[in-house]
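Here are some worked exercises to try with the model open beside you. Have a go at each task before reading its solution.

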Amino acid sequence: MTAPTTIRLFGTAPDSIVDGPGLRYAVFVQGCSHGCPGCHNPESQPCGGGTVRPIADVVAEIAANKLVQGVTVSGGEPFEQAVACAELARQVRELGLNVWTYSGYRYEQLEAGIPDAAARDLLDQTDVLVDGPFVQAQHSYDLKWRGSRNQRLIDVPATRTRGRMVLWETHEDFPEKPASW
């Protein structure tokens, strides 16, 4: 199968400090079937909206930002564009950046290939998965890196290695100088 060359985006935030630790480049995909009440990006839900962009252009923008410490793929729903998001994630990992992916699906669903088999490929390229739908009744501004208490921050490589759920633990270190400097 040929790697995709484009991705449908709601937008980007080249200097996010709220979508994971450190200075991150956030990529918000277009399209989400979850329809969570209270969604922070409701305009990202329609599948036909947004802008189709070459993945190579997005990666070039990320690579040009020498301060970025990681990339966050959010939405919309990244796993509803799993093939394109996996390709984007693969390329930014080649730059030496970590990848966080936010999803309204649970980890167990994604490992089972829901919404489709491409979900596993995106999981392969994800360092931390923030899983589960946003639940407005469980929302709290006190939560770090997630919107509602039902969501988990999953260390995907450790979970797969140990064969059991491993939650990501924050490391409150001082930021290091990026290798690209």
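Which residue in β5 is the bridge partner of Thr 72? Trp 100 of β5 takes that role. Before going on, please note that this is a predicted model, in which local features need pLDDT of at least 70, side-chain atom pairs count only at pLDDT 80 or more, and totals for chains, interfaces and linings use all residues. Residues are numbered from 1 along each chain as its sequence is written, and side-chain values use heavy atoms, with hydrogens and water left out.

**Exercise 1. Describe the surroundings of strand β5.**

Step 1: Find the strand. β5 covers residues 98-102; helices (H or I, at least four residues) and strands (E, at least two) are DSSP runs, numbered from the N terminus.

Step 2: Look at its cover. Four of the five residues of β5 are buried, where buried means under 20% relative accessible area, exposed over 50% and partly exposed in between (1.4 Å probe, protein chains only).

Step 3: Look at one neighbour. Strand β4 (residues 70-74) runs parallel to β5, and four bridges join them. From β4 the chain passes through α2 to reach β5, in a right-handed β-α-β crossover (with the strands pointing away from the viewer, the path from the first strand over the helix to the second runs clockwise).

Step 4: Turn to β6 (residues 128-131). This strand is also parallel to β5, with three bridges between them, and Tyr 102 has Val 130 of β6 as its bridge partner.

**Exercise 2. Lay out the whole sheet.**

Step 1: Write down the order. The seven strands form an open sheet, β3-β1-β2-β4-β5-β6-β7, with mixed pairing; two strands pair if DSSP finds at least two bridges between them.

Step 2: Mark the edges. β3 (51-54) and β7 (152-155) each pair on one side only.

Step 3: Add the twist, which averages 30° from one strand to the next.

Step 4: Pick out an antiparallel pair. β1 (residues 6-16) and β2 (residues 24-29) are joined by five bridges, and Thr 12 is partnered by Val 27 in β2.

Step 5: Place the helices. α1 packs on the sheet, touching β1, β2, β3 and β4, and its direction makes about 75° with that of β3. α2 packs on the sheet too, touching β1, β2, β4 and β5, with its direction at about 40° to that of β1.

**Exercise 3. Analyse the packing of α1 and α2.**

Step 1: Compare the axes. Those of α1 (residues 55-64) and α2 (residues 82-94) come within 10 Å and cross at roughly 35°. Axes are lines fitted to C-alpha atoms, for helices over the stretch in contact, and angles run from 0 to 180 degrees between N-to-C directions.

Step 2: List the residues in contact (heavy atoms within 4.5 Å). α1 supplies Ile 55, Val 58, Val 59 and Ile 62, while α2 supplies Ala 84, Glu 87, Leu 88, Gln 91 and Val 92.

**Exercise 4. Find the unusual backbone geometry.**

Step 1: Check for cis peptide bonds. One runs from Gly 75 to Gly 76, with omega near 20°, and Gly 76 lies in the loop between β4 and α2. A cis bond also joins Ile 114 and Pro 115, with omega about 15°; Pro 115 is in the loop between α3 (107-111) and α4 (118-124).

Step 2: Check phi. Trp 145 is not a glycine, yet its phi is positive, about 70°. Trp 145 sits in the loop between β6 and β7.

Step 3: Why does Trp 145 count as buried? Its relative accessibility is 16%.
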